[in-house]
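Work through the exercises below with the model open. Each task is followed by a solution in steps.

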Amino acid sequence: MIALIKAVHLATLAIWCAGLVALPVVMQIYGRASKVHTQAGFAEFRLLTHRAYTVVITPAAVVTITAGSLLFVLEGLRDPWMLAKLLTVVGMVLIHAWLGHLISLTGEGAGRYRIPPPMPALIGALTFMALTLWLVLAKPDLAPLAQQFPDWLLQPRGRELPSDLVPI
Ligand code: HEM
């Protein structure tokens, strides 16, 4: 079962990572080409980016994170490298959301859109992907680093929740 979930995790993360690389490149090269100023070119560009984002890349991201969360629970991994990996995945998710924002901007100006440059998203995506892969494949011992955290981050404080945060 774990092998199957890991296979799904790896297959979908390959699609997600490929999408995070391809989208900024397509937006930079295709989205700024003169062809995109024609109705047909604009429709083609919109269809390509919108469909790729909503039908392929976002579902792949959801399945990657779902399968990863299942592995996290089933394998009971709580090592510092795993927790650091969750942080780098948050970085990938933020880049993913930023790309979605850029794609929706291209659809709102009837071909006369001005979007922020997409290439910084490519640099961010490559950085977070490399960090994530390094953490999960090298499994570095981050325990000494975790020990540097202040005491209040390492020990339960044993305090009650403030009353306004208690739901019932
Ligand atoms: C919330 C998101 C994620 C969670 C909770 C998660 C969790 C996990 C867990 C628990 C494992 C099993 C580790 C082991 O058996 O040693 C795993 C494997 C793996 N994950 Fe993730 N993952 C997530 C996202 C990602 C992303 C975004 C990438 C790549 C960019 C990635 C790359 C990998 C790789 C390459 C493996 C196989 C490692 C091995 O078998 O040695 N994961 N993941």
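**Exercise 1.** Classify Lys139 as buried or exposed, or in between, from its C-beta neighbours.

Solution. Step 1: count the neighbours; Lys139 has 14 C-beta neighbours inside 10 Å. Step 2: apply the cut-offs, with C-beta atoms placed from the backbone: 20 or more other C-beta atoms within 10 Å means buried, 12 or fewer means exposed, and partly exposed lies in between. Lys139 therefore counts as partly exposed. Step 3: locate Lys139, which sits in the loop between H4 and helix H5 (143-146). Helices here are DSSP runs of H or I with at least four residues, numbered from the N terminus. Step 4: check the backbone; phi of Lys139 is near 45 degrees, a positive value in a residue other than glycine. Most residues other than glycine have a negative phi.

The model is predicted: local features need pLDDT of at least 70, side-chain atom pairs count only at pLDDT 80 or more, and totals for chains, interfaces and linings use all residues. Residues are numbered from 1 along each chain as its sequence is written.

**Exercise 2.** Place Asp79 and give its exposure class.

Solution. Step 1: Asp79 belongs to the loop between H2 and H3. Step 2: 15 other C-beta atoms lie within 10 Å, so Asp79 is partly exposed. Step 3: Asp141 is 62 residues away along the chain, yet the two C-alpha atoms are separated by 8.4 Å.

**Exercise 3.** Describe how H2 packs on H3.

Solution. Step 1: the axes of helix H2 (residues 39-75) and helix H3 (residues 80-106) are 10 Å apart, at an angle of about 155 degrees. Axes are lines fitted to C-alpha atoms over the stretch in contact, and angles run from 0 to 180 degrees between N-to-C directions. Step 2: under 35 degrees counts as roughly parallel, over 145 as roughly antiparallel, 65 to 115 as roughly perpendicular and the rest as oblique. H2 and H3 are therefore roughly antiparallel. Step 3: the contact (C-beta atoms, placed from the backbone, within 7 Å) joins Arg46, Thr49, His50, Tyr53 and Ala61 of H2 to His96, Gly100, Ile103 and Thr106 of H3. Step 4: by class, these residues are three nonpolar, five polar and one charged. Nonpolar means Ala, Val, Leu, Ile, Met, Phe, Trp, Tyr, Cys and Pro; charged means Asp, Glu, Lys and Arg; the others, Gly among them, are polar.

**Exercise 4.** Repeat the analysis for H1 and H3.

Solution. Step 1: the angle is about 30 degrees and the axes are 11 Å apart. Step 2: H1 is therefore roughly parallel to H3. Step 3: Leu20, Leu23, Pro24 and Met27 of H1 meet Met92, Ile95, His96, Leu99 and Leu102 of H3. Step 4: this contact has eight nonpolar, one polar and no charged residues.

**Exercise 5.** Which residues come nearest to the ligand, and what is the setting of Thr132?

Solution. Step 1: 20 residues surround the ligand, with Ile65, Gly68, Leu71, Phe72 and Thr132 nearest; a residue is near if its C-beta atom, placed from the backbone, lies within 6 Å. Step 2: H2 gives the largest share of the shell, seven residues. Step 3: the shell has 14 nonpolar, five polar and one charged residues. Step 4: Thr132 lies in helix H4 and counts as buried because it has 20 C-beta neighbours inside 10 Å. Step 5: leaving out residues up to four places away in sequence, Thr132 touches Lys85, Thr88, Val89 and Met92. Thr132 and Met92 are 40 residues apart in sequence and 9.1 Å apart, C-alpha to C-alpha.

Technical notes:
Helix = DSSP H or I, 4+ residues; strand = E, 2+ residues; numbered from the N terminus. Contact = placed C-beta atoms within 7 Å.
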